[in-house]
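Subject: Structure handover and notes

Hello,

Please find the structure below, as promised. My notes come after it.

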Amino acid sequence: MAPTPTRPYAPKSTPKWLVALTLVVMLTVPFLFPVLILFATPLDTPAGLDALARWLGVTSASGRDALTAGALLVVAFLFLNFGAIFSGMCVWWERRIAGRMQSRIGPNRQGLGGFLVWIADAVKFLLKEDLVPAEADSLLFRIAPYFVLTSFALTFVVLPFGHSVIMADLNVGVFYITSVTALTVVGILISGWSSNSKWALFGGMRSAAQVISYEIPAGIAVFIPVLMAGTLSMQGIIRAQGGAPWEWFIFRNPAALVAFFVLFTSQLAEANRTPFDLPEAESELVAGYLSEYSGFRFALFFMAEFGNIWVMSALATTLFLGGWQVPGMPAQAIDALRGGAVVPPAAWWGWQLVSMAVFATKTLLLGNVVIWLRWTLPRIRVDQMMTLSWKYLVPIGFACLVFTLFWQLGAAAAPGLELVSGVALSLLFLAIVVAFLRRVLKNVSDVRGDAIDLSNW
């Protein structure tokens, strides 16, 4: 009997309703929680809580305390879920970038452009079995991921999202964020030791050495904008800058430009991002400190790692790139729109959205650079990692700090000094960007006609 001829495989066309649903999800999810955060943060102020208490008819002290606690929980829930959702979408975006840079196909099936693949990953991790090695320290093994998650979540307390969109504008915000991020190394070191595995232990030890080493140059670099602004408040540092590029700290002081790269490099190392991903080092240590983890606890580690892309990018944007400052609209003008009303007018809310969009754009562009670097640079050796920190970044950071002290004295004596520096360095940066884009266009034209498939985008 002759075999039945088979037809070549033809992929099924995606139903239009599924494409429409995916588009709605793609356009809604990234903006849903920021918008909810925008409308919830005014409740976290004394005036907002007073207005809410009067509207609900709450007059007792115990009722006010319960209302305050409830408002704080709502705002904390929104910020934490924003971090989790951003982490998931960042995984999807990184896979797309990796596929493109390696000339292979990235996720492009579940949802339009593979966008919903991160939701499938989340469900998979929730349903997978949570395994604890028989010889591991069960208690420490189980709680280690929560140290990492707590460190990640607490950073959102002082990270600004917009002009007035911040959970708590602490007057020691810089000290706070450098302190809570140190919890990450505690969780990684505990997870490596408690796993009772040589590979996990090596990964934990590497992480401890790496984070402790790179906290030094990062801490020094952070104090450059603190000296320029004269405050430790995150919002105060942003308000000391302006909306135009020549008003950003990164260009107003030549040492701040160098300090930005010191901080950015140190953040990559503290977040275990390539080329500093030695604690994981899949080609050497299986998966490093999380080799023995599975299921939900495994997901917590990676949620913090990918969510930290927002944290490190938002911190650099706040300190050096003008934060949420809107070009042509000073912060004082937005303050004046609110007036003394408990419920601000519509114009004030509109400028809050604009400031959030400005901040998110800068942060996402910087986060894209973080992903781009991962798929461009190879992993360095442990000795090279330590040499870079102690022999280069630490001395450079101290030199920038001393230079800034004298620069501030000169800026006080000559008020136009920072403007000249800002304009000159901004033009230099613009020239570099133009040269880079021209090189990219040349590379694209050189390979035009070759087998380059852009259809899956």
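What follows is a summary of the whole chain, then notes on some helices and single residues.

This is a predicted model, so please read every value here as computed from it.

Overall picture

The protein has 17 helices and 0 strands. Its radius of gyration is 24 Å, and a compact globule of 457 residues would come out near 23 Å, so the two agree. Along the principal axes, the C-alpha atoms occupy a box of roughly 95 × 60 × 55 Å. Of the 457 residues, 45% are buried. Counting contacts between residues at least 6 apart in sequence, 78% link residues at least 24 apart. The accessible surface is about 23,000 Å², and carbon and sulfur atoms account for 71% of that. As for charge, there are 29 positive and 25 negative side chains, with the centres of the two sets 9 Å apart.

Helix α7 and what comes after it

Helix α7 covers residues 183-194. The helix has 12 residues, which should span 16 Å at 1.5 Å a residue, and its end C-alpha atoms are indeed 16 Å apart. The buried residues in α7 are Thr 184, Val 185, Gly 187, Ile 188, Ile 190, Ser 191, Gly 192 and Ser 194. Their cover includes α5 (138-154), α8 and α13.

Gly 192 belongs to this helix. With a relative accessible area of 0%, Gly 192 is buried, since the cut-off for that is under 20%. Leaving out residues up to four places away in sequence, Gly 192 touches Ser 197, Ala 200, Leu 201 and Tyr 289. Its C-alpha atom is 43 Å from that of Leu 18, which lies 174 residues away along the chain.

After α7 comes Asn 196, with a positive phi near 60°. Asn 196 is in the loop between α7 and α8. Most residues other than glycine have a negative phi. Asn 196 is not a glycine, yet its phi is positive. Asn 196 is exposed, with a relative accessible area of 52%.

Helix α11 and the loop after it

Helix α11 (residues 254-270) has 17 residues and reaches 25 Å from its first C-alpha to its last, close to the 24 Å expected. Its buried residues are Ala 255, Ala 256, Ala 259, Phe 260, Val 262, Leu 263, Phe 264, Ser 266, Gln 267, Leu 268 and Ala 269. In an α-helix there are 3.6 residues a turn, so residues three or four places apart point the same way. The buried residues of α11 pack against five helices: α8 (198-229), α10 (249-252), α13 (295-320), α15 (346-374) and α16 (382-413).

Asn 272 is in the loop between α11 and α12 (282-285). Asn 272 has a positive phi of about 60° although it is not a glycine. Is Asn 272 buried or exposed? Asn 272 is buried, at 4% relative accessibility, whereas Asn 196 is exposed at 52%.

Helix α2

In helix α2 (residues 46-56), the buried residues are Gly 48, Leu 49, Ala 51, Leu 52 and Ala 53. These residues pack against α3 (61-101). Gly 57 follows α2 and has a positive phi, near 75°.

Two further residues

Leu 417 is in helix α17 (residues 417-446). Its relative accessible area is 29%, which makes Leu 417 partly exposed. Apart from neighbours within four places in sequence, Leu 417 is in contact with Trp 407, Gly 410 and Ala 411. Leu 417 and Asn 253 are 164 residues apart in sequence, and their C-alpha atoms are 9.0 Å apart in space.

Ala 336 is in helix α14 (residues 331-338). Ala 336 counts as exposed, because its relative accessibility is 59% and the cut-off for exposed is over 50%. The C-alpha atoms of Ala 336 and Phe 306 are 38 Å apart, with the two positions 30 residues apart along the chain.

Regards

Conventions:
Residues numbered from 1 in each chain as written. Predicted model: local features only at pLDDT ≥ 70, side-chain atom pairs only at ≥ 80, totals over all residues. Heavy atoms only, no water. Helix = DSSP H or I, 4+ residues; strand = E, 2+ residues; numbered from the N terminus. Rg over C-alpha atoms; globule rule 2.2 N^0.38 Å. Buried < 20%, exposed > 50% of the residue type's maximum accessible area, 1.4 Å probe, protein only. Contact = heavy atoms within 4.5 Å. Areas by Shrake-Rupley, 256 points an atom, 1.4 Å probe, with all protein chains shown as cover. Lys, Arg positive; Asp, Glu negative; His and termini not counted. Charge placed at Lys NZ, Arg CZ, Asp CG, Glu CD. Expected span 1.5 Å × (residues − 1).
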